Amino acid sequence: MTLTAPARQPRNARAVPRARLWLPARRSGVADRARSAPITELITRMMNPISLICILAGVGLNACAQLLLKAGVNAVGHFEFSRANILPIGWKLATQLPIIGGLTCYVFSVVVWIVGLSRVDVSIAYPMLSLGYVVNAFAAWYLFGEVMSVQRLVGIGIILIGVVVLARS
């Protein structure tokens with residue numbers, strides 16, 4: 001079943017229910033330039049290689065930021081916040097190079113993500129963030145020795161299946 005926008009009807013024509021889904025009218029974006037194109041064509045146009053690179057770069061930078069923050073916190077060690085140690089612990093965290101690098105990755109991630117969102121619908125782009133969970137799970141296992149259980153592997157498999165289904169829809 002191909003989903004297309006309905007053909008324009010004269011004002012005096014009687015509306016007949018159809019088995020088609022309509023694309024919402026928008027004031028800007030790719031859908032404006034091709035309102036009558038099937039949704040599959042719109043997704044193909046929206047996810048061109050540059051758009052895909054922007055989305056995946058945003059996901060990669062976000063995953064890298066998480067790993068750097070974890071490395072920085074590991075360097076500081078376990079801590080409890082209290083009124084007495086909030087400034088010393090805060091300073092110790094703020095001066096860790098991995099934490100500074102992680103925050104920098106977040107800044108670049110947001111910039112790249114905004115560029116990606118300008119090219120791709122959020123309903124397509126946002127679920128791609130789940131790829132960050134996959135990257136982080138394997139990277140944390142490799143870098144930090146975190147446990148990779150069968151249950152986590154099944155969850156990662158489900159995430160990957162979901163991303164594939166979304167990308168092919």
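Leaving aside its neighbours within four places in sequence, with which residues is Asn136 in contact? In the predicted model described here, Asn136 is in contact with Ala63, Gln66 and Leu67 once those sequence neighbours are set aside. The paragraphs below place this residue and several others within the chain.

The chain contains eight helices and zero strands, and its elements, read from the N terminus on, follow the order α-α-α-α-α-α-α-α. Of its 169 residues, 27% count as buried. The accessible surface of the chain comes to about 11800 Å², and carbon and sulfur atoms account for 67% of that surface. Among the contacts in the chain with a separation of 6 or more, 66% are accounted for by residues 24 or more positions apart.

Asn136 is found in helix α7, which spans residues 130-144. Because its relative accessibility is 18%, and buried means under 20%, Asn136 counts as buried. Its C-alpha atom is 8.0 Å from that of Cys64, although the two residues are 72 residues apart in sequence. Asn136 also takes part in the packing of α7 with helix α3, the latter comprising residues 49-76. These two helices pack at an angle of about 35°, with their axes 9 Å apart, and their crossing is right-handed. On the α3 side the contact is made by Leu56, Val59, Ala63, Gln66, Leu67, Lys70, Ala71 and Asn74, whereas on the α7 side it is made by Leu131, Gly132, Val135, Asn136, Ala139, Ala140, Leu143 and Phe144. Ala63, Gln66 and Leu67, the residues in contact with Asn136, are thus found again among the α3 residues of this contact.

Helix α7 also packs with helix α8, which covers residues 150-168. Here the angle is about 150°, with the axes 9 Å apart, and the crossing of α7 and α8 is left-handed. The contact is made by Ser130, Leu131, Tyr133, Val134, Ala137 and Phe138 of α7, together with Leu153, Ile156, Ile159, Leu160 and Val163 of α8. Leu131 is listed in the contact with α3 and is listed again in the contact with α8.

A nonpolar patch on the surface is formed by Phe138, Trp141, Tyr142, Leu143 and Leu153, with about 580 Å² of accessible area together. Helix α7 supplies the largest share of this patch, namely four residues. One of the patch residues, Tyr142, is found in helix α7 and counts as exposed, because its relative accessibility is 67% and exposed means over 50%. Other members of the patch also take part in helix packing: Leu143 belongs to the contact with α3, while Phe138 and Leu153 belong to the contact between α7 and α8.

Helix α5, made up of residues 97-119, holds Ser109, and Ile99 lies in this helix as well. Ser109 counts as buried because its relative accessibility is 4%, and, not counting residues up to four places away in sequence, Ser109 touches Gly58, Leu61 and Asn62. Ile99 is likewise buried, with a relative accessible area of 10%. With residues up to four places away in sequence again not counted, Ile99 touches Leu68, Leu69, Gly72, Val73 and Leu93. The C-alpha atoms of Ile99 and Ala71 are 7.6 Å apart in space, while the residues themselves are 28 residues apart in sequence; Ala71 is also one of the α3 residues that make the contact with α7.

A further C-alpha separation concerns Ala75, a residue placed in helix α3. In contrast to the buried Ile99, Ala75 counts as exposed, because its relative accessibility is 53%. The C-alpha atoms of Ala75 and Pro98 are separated by 8.9 Å, and these residues are 23 residues apart along the chain.

How values were computed: Residues numbered from 1 in each chain as written. Predicted model: local features only at pLDDT ≥ 70, side-chain atom pairs only at ≥ 80, totals over all residues. Heavy atoms only, no water. Patch = residues over 30% accessible without salt bridge, like charges linked within 9 Å, V, L, I, M, F, W, Y side chains within 5 Å. Areas by Shrake-Rupley, 256 points an atom, 1.4 Å probe, with all protein chains shown as cover. Salt bridge = Lys/Arg side-chain N within 4 Å of Asp/Glu carboxyl O. Buried < 20%, exposed > 50% of the residue type's maximum accessible area, 1.4 Å probe, protein only. Axes fitted to C-alpha atoms, helices over the stretch in contact; angles between N-to-C directions. Left-handed = near helix turned anticlockwise from the far one by under 90°. Contact = heavy atoms within 4.5 Å.
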